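Trainee: I should like to go through this model and ask, for each term, what justifies its use.
Mentor: Please proceed; we shall set each value against its criterion.

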Amino acid sequence: MAEHSAEHIVSPKTYAAVLTALLIGTALTVYAAKVDLGRFNIVLALTIATIKMTLVILFFMHGKYSPRRTQLVIVAGFFWLAIMLGLTLQDYSTRHAEPSRSQLNELPSSLLRRS
Amino acid sequence: MQSQMPLSPEQASNFAPQVDNLVYFLLVVCLFFATVICAAVIYFIVKYRRKTPDEIGVPIHGDLRLEIAWIALPFPLLLAMFGWGAAVYVDYRHTPADTLDIYVIGKQWMWKLQQPDGRKEINELHVPVGRNVRLIMGSEDVIHDFSVPSFRVKMDVVPGHYNTMWFRPTKVGKYHFFCSQYCGTDHAVMGGWVTVMEPDEYAKWLAGSSGSGDPVAVGQKLLSDLACNTCHLPDGKGRGPSYNGVYGSQVKLADGSTVLADDNYIRESILQPNAKIVAGYAPVMPSFQGLVTEEQIVDLTAYIKSLKDQPPPTKPGTAAPATGNK
Amino acid sequence: MHRTGELFGQFQTLEQQKETATLGMWVFLVTEILFFGGLFLTYSINRHAYATAFGIGGNMLDLNLGFGNTVVLIASSFTMAMSVWSAQTSHKKLVPIFLILTLVLGSVFLGIKVVEYKQKFDHHLIPGHSFDITYCSKNPSACNLSGKDLDDEKKEIKEGIEAEADEAKKQGAANPEDVGAAALNAHAQLYFSLYFGMTGLHALHMIIGAGLLLWLIFEARKGRFDANYNTPVDNIGLYWHFVDIVWIFLFPLLYLINRHLA
Amino acid sequence: MSTTQLHVPESEKMPREHYLNATYGIRSWLLTTDHKRIAILYLISVTFFFFVGGLFASLIRIHLLTPGGYLVTPETYNKLFTMHGVAMIFFFLIPSIPAVLGNFVIPIMIGAKDLAFPKINLLSWYIYLVGGAFVLYSFATGGLDTGWTFYTPLSSIYSNSAVTPAVIGIFINGFSSILTGLNFIVTVHTMRAPGMTWMRLPLFVWAHYATSIIFVLGTPVIAITLLLAGLERMFHLGFFNPAYGGDPILFQHLFWFYSHPAVYIMILPAMGVISEIIPTFARKPIFGYDFIAASSIGIAVIGFIVWAHHMFLTGQSTYSAVAFSFLTFLVAVPSAVKVFNWTSTLYKGSIAFDTPMLYGLGFIGLFTIGGLTGLFLACLGLDIHLHDTYFVVAHFHYIMVGGAIMGYLGGIHFWWPKITGRLYPEYLARIAAIVLFVGFNLTFFPQFVLGYLGMPRRYHDYPPEFQVLNVMSTAGASILALGYLLPMVYLTWSMRYGKVAGKNPWPATGLEWTTDSPPLTENFNETPVVDWETYDFEHRPELGLSGTVPRKPIPAHGDD
């Protein structure tokens, strides 16, 4: 079974540091959203969110001190999420070879969905 | 139909032999493996059947070489199946240039097809042999699927998307087409016939009778079906203005401006009745967005257009008191 | 319920029991990841398709309330973590205090959410027949909208309609302007459907979490949790942090789509 | 043919105390946390749904006797096949082997007193019941006519049937699956007896571990998807509704992200059963243990990255279709590995033809056909023609009925002596197994041909040229129905009148066969310690076999 015996106790100092980092991250993400970075706004916002999430998992949720088996479970969860998002988005992002809309005047325009 | 039981449908398009050859290849490979496995199982169970009640088998735990062999050896065959299949599919999804374009609209539970010259058909499709045909398909309601087994082609018809498919008929004849994606109650009867004709026959057929009927007559019927004429009385005394002489005239609006009553104006008045209110009338008409199709709007417009020489009511009627109506 | 350090029949040792409970909780959280994942996927596809409408919808949310809620929730995660620490270090008196703090912060979050929902209701932004993305720009007084904000919103909606109309024109619509206005409204409604779906499901998780906290506080006040036995605090803590993580993503995705244009 | 080895002495008596007589009364069953009793509760409830689904299937087959439809209106026909699918897939096939056999056997197999979370186990049965009740309510009040796939916008807008309660029922039932999977994963990780290392786990447990991965990672996605579709229907929202800008193809992506792996939820546990049966009745270790174990995990993982092969013709991008086709072909590799290894296990075995083995051998044949025809559908060029035809129907029935149900019945017959402590009438059981095999092939093989001829699925009415094959299929179905009724009868009979089985009637090597039949509530008198390799007959004198190997391993190529 798992090798860890005594559970690791994270000190309040660490918790406070993580709290501070999370608050700074929140402020930063709001600030960054107001600057026009084009398509990188979303990239930056998600990067900050991911960093915040990692902090929460590692320290608040003791992911850093958990047995390997638990860490594997966490990684598997995100891996599968990535499968779902990645493979679906690759379909949508490669759908440009479809017929050009201008040839389709005959068809009711209210039927159209953009992709 | 043939009296004996066929194992595959007729080959009537360029894709039919391609798909059939592919299926022969897979059949041969799969039959080989199925035979090997079944033969081995039968041979083993006969040969190594239990002879005495307390006998046990030879403890063989496995063989790495064998495992590697039966992972690695069939793999090229899988790749071949994949590659060949993908080649056919990519060909099918890439329409060649210079096609005969036919529009297909699926709705519960019928197919409306339209030839390039505008001629419409219901549950019937006429195409010339030897010509690349492209179907451009949309759906008015749920997902359908246009499938012609003898051509070995099918494609989903999805609302909100346009899907296309193409084929080149290679044999004159009449072939079933089906709706292949379950679409509700009468899914099973949402089909019809594709008629493949010699090109000159096709040309003759096209030159024959006109489309599905006189749009004016269709529009008139639709108008009463939708109960438009219960408000839009010819004398203008109803809750809505009269159609007589409207088309092409300058209409006075409630806000004092005027607008030319053209196709777009009529279309808008049907779909967004409250966008422009005719002077003297109340904004009481409901929107017909979603209730009428584009095609029907065309028919309605045609009918209203036919009334443009009718004398308009001498003076606009006063709007009936809008109490408790919709 | 659980007495301190009680060993259930199916286990051999207390340690095995604790490990099992923690692993079980993590596996459950993994299913939650995929559960919310489906929503995030739906969001991504539609946001990609209707960037303009989603941007306009996002700007109609109250950034201050969203930001405030994020801070509140992060703080509640901190107090939750502290209650786990108190249990682990046998500060029996501190456990319920931190739990109550967590519950209070969670309730503040939900309260703010209620205020936001009410506001959306007043602004005709609840998906349905009365949904009207232009309501506030047409009735600025009802939405306390004035000055530059009003001009911004009007401009945004006008541009949105134009963008949708351009699309409609490309697709061959006979009357692109009307289609544009209708399309913007429909697509903004899609945004708000997702907004309510995602935040609603998140809020539901918060409410369940609050219920669990109530029970935990009740137990903790009896001094049940200490260094030997703290599995419930630990596990409910994991759940609470997970709910926090979901919000960490919801906040930028819903509130911050298009702020740089405002 | 050699006869059974069963040396069950006439003197064998039922144990004095076991889980069935530990306590009495309805309450003791409805509030039980004993995994064995919960398994029995599941057995009863899934059997109920099996017969509900089976009834619909019979009506479908009778209706299809004539081209115009024989029995019911189109609307009713559509409801029949939808309800057949929903009852069979969500309420029979998915819970069948895991929740009945897995629940009963896994804790005993690994030497545990119970699952890790017994109360959650009971909870998951109640959740199943509540979900089932919603679905039955939907069946009873207007039925359901969307197809089990619930494709939008048909399900969310256009259908007039009772979609909402059905969707709620399946949503709720999902949590039952999730909790079962969670329980299994944690149990396998933390509850193994001393000496029960990962590489000594029976392959049945490996298969269920793999299945649980799918339960835990896939089911939440169908839950959220159906929730969104249900909300869309109730509040006229636009997630998947093109009229409001939503995308019906996104629904299919989400739906199949779960529902394709769900096929592996059905087949993996059956493969696990077969991996127990074959070594037991060939009396030798399974060939390539680690490859079979790894292939279970491989199937579970690869099974998650192939889903869009259900959508090759929806308008998904060509590039994406090619990628998914390739990934789909990959899943053939671990499946083939299993078949080859089972076949090799027979080599130089001491093979008996007891009922479970007949199911096992039947499974190999039917799964081979089902698996190989899967290649036809994975092949992009062929899928253009075969998609949504009866070829698909035949293919997945070969996997789900020929595979999963054969495995389930094989497992029921294999563990029946352990579950009830009694034996069923062996000859009758063998006849039933053969009847099932024959009836099954007669029913579904003609459908491959129908499909290639182009008959679309879900048709209440078909052109006359398809009639001959449809009549054949219906004829086969009546034989198949008989095959399902037989076990129902003699198994029920045997619970009271069957011969007492004793601890280990076959004999088999698993830990579950070292305890009483039926087992104690705690499964074992004391925690067992495992000091043998799994499927080892050679070093297990207590099995009462001669222990001598009649045919010594021969140097390579030196067959006798």
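Trainee: What makes one describe H9(D) as mostly covered or mostly uncovered?
Mentor: The model is predicted. A residue counts as buried if 20 or more other C-beta atoms lie within 10 Å of its own. Of the 14 residues of H9(D), 10 are buried, and the helix is accordingly described as mostly covered.

Trainee: Which residues of H9(D) are buried?
Mentor: They are Tyr289(D), Phe291(D), Ile292(D), Ala293(D), Ser295(D), Ser296(D), Ile299(D), Ala300(D), Val301(D) and Ile302(D).

Trainee: What do the buried residues of H9(D) pack against?
Mentor: In chain D they pack against helix H7 (203–235), helix H8 (248–282), helix H10 (318–330) and helix H11 (332–346). They also pack against helix H2 (64–72) of chain B.

Trainee: How do you know that the span of helix H9 of chain D agrees with its number of residues?
Mentor: The expected span is 1.5 Å times one less than the number of residues. For the 14 residues of helix H9 (residues 289–302) of chain D this should give 20 Å, and the end C-alpha atoms are 20 Å apart, so the two agree.

Trainee: How many residues of chain D are in contact with chain B?
Mentor: Contact requires C-beta atoms within 7 Å. By that criterion, 86 residues of chain D are in contact with 78 residues of chain B. The side of chain D that touches chain B comprises 52 nonpolar, 23 polar and 11 charged residues.

Trainee: And how many residues of chain D are in contact with chain A?
Mentor: There, 17 residues of chain D are in contact with 14 residues of chain A. Helix H6 (163–190), H7, H8 and H10 of chain D each supply at least two residues of this side. The largest share, 3 residues, comes from H10(D). By class, the side of chain D that touches chain A has 8 nonpolar, 8 polar and 1 charged.

Trainee: What is the strand order of the open sheet in chain B that contains E1?
Mentor: The order is E3-E2-E1-E5-E8, with 5 strands and mixed pairing. Strand E3 (120–122) and strand E8 (163–167) of chain B each have a single partner strand, which means that they stand at the edges, with one side of each left without a neighbour in the sheet. From one strand to the next, the twist averages 25 degrees.

Trainee: What makes the pairing in that sheet mixed?
Mentor: Two strands pair if DSSP finds at least two bridges between them. Strand E1 (residues 100–107) of chain B and E5(B) meet this with 7 bridges, in the parallel sense. E1(B) and E2(B) pair in the antiparallel sense over 5 bridges. Strand E2 (residues 110–114) of chain B and E3(B) run antiparallel, with 3 bridges, and E5(B) and E8(B) are antiparallel over 5 bridges. Both senses thus occur, as the term mixed states.

Trainee: Which residues illustrate these pairings?
Mentor: Leu135(B) of E5(B) is the bridge partner of Ile102(B), and its bridge partner in E8(B) is Met165(B). Tyr103(B) stands opposite Ile136(B) in E5(B). Gly106(B) stands opposite Trp111(B) in E2(B), and Lys112(B) stands opposite Ile122(B) in E3(B). A hairpin through 2 residues joins E1(B) to E2(B).

Trainee: Why is strand E5 of chain B called largely enclosed?
Mentor: Of the 7 residues of strand E5 (residues 133–139) of chain B, 6 are buried, so the strand is largely enclosed by the rest of the structure.

Trainee: Which strands stand at the edges of the open sheet E4-E10-E9-E6-E7 of chain B, and why?
Mentor: This sheet has 5 strands and mixed pairing. Strand E4 (124–128) and strand E7 (153–157) of chain B stand at its edges because each has a single partner strand, so one side of each lacks a neighbour in the sheet. The twist averages 20 degrees from one strand to the next. E4(B) and strand E10 (residues 192–197) of chain B pair in the parallel sense over 5 bridges, with Val127(B) opposite Val196(B).

Trainee: What pattern does chain A follow along the sequence?
Mentor: Chain A has 3 helices and 0 strands, and its pattern is α-α-α. Of its 115 residues, 35% are buried.

How values were computed: Residues are numbered from 1 along each chain as its sequence is written. Chains are lettered from A and ligands numbered from 1 in the order in which they are written. This is a predicted model: local features need pLDDT of at least 70, side-chain atom pairs count only at pLDDT 80 or more; totals for chains, interfaces and linings use all residues. Helices (H or I, at least four residues) and strands (E, at least two) are DSSP runs, numbered from the N terminus. A residue is buried if 20 or more other C-beta atoms lie within 10 Å of its own, exposed if 12 or fewer, and partly exposed in between; C-beta atoms are placed from the backbone. Two residues are in contact if their C-beta atoms, placed from the backbone, lie within 7 Å. Ala, Val, Leu, Ile, Met, Phe, Trp, Tyr, Cys and Pro count as nonpolar, Asp, Glu, Lys and Arg as charged, and the others, Gly among them, as polar. Axes are lines fitted to C-alpha atoms, for helices over the stretch in contact, and angles run from 0 to 180 degrees between N-to-C directions.
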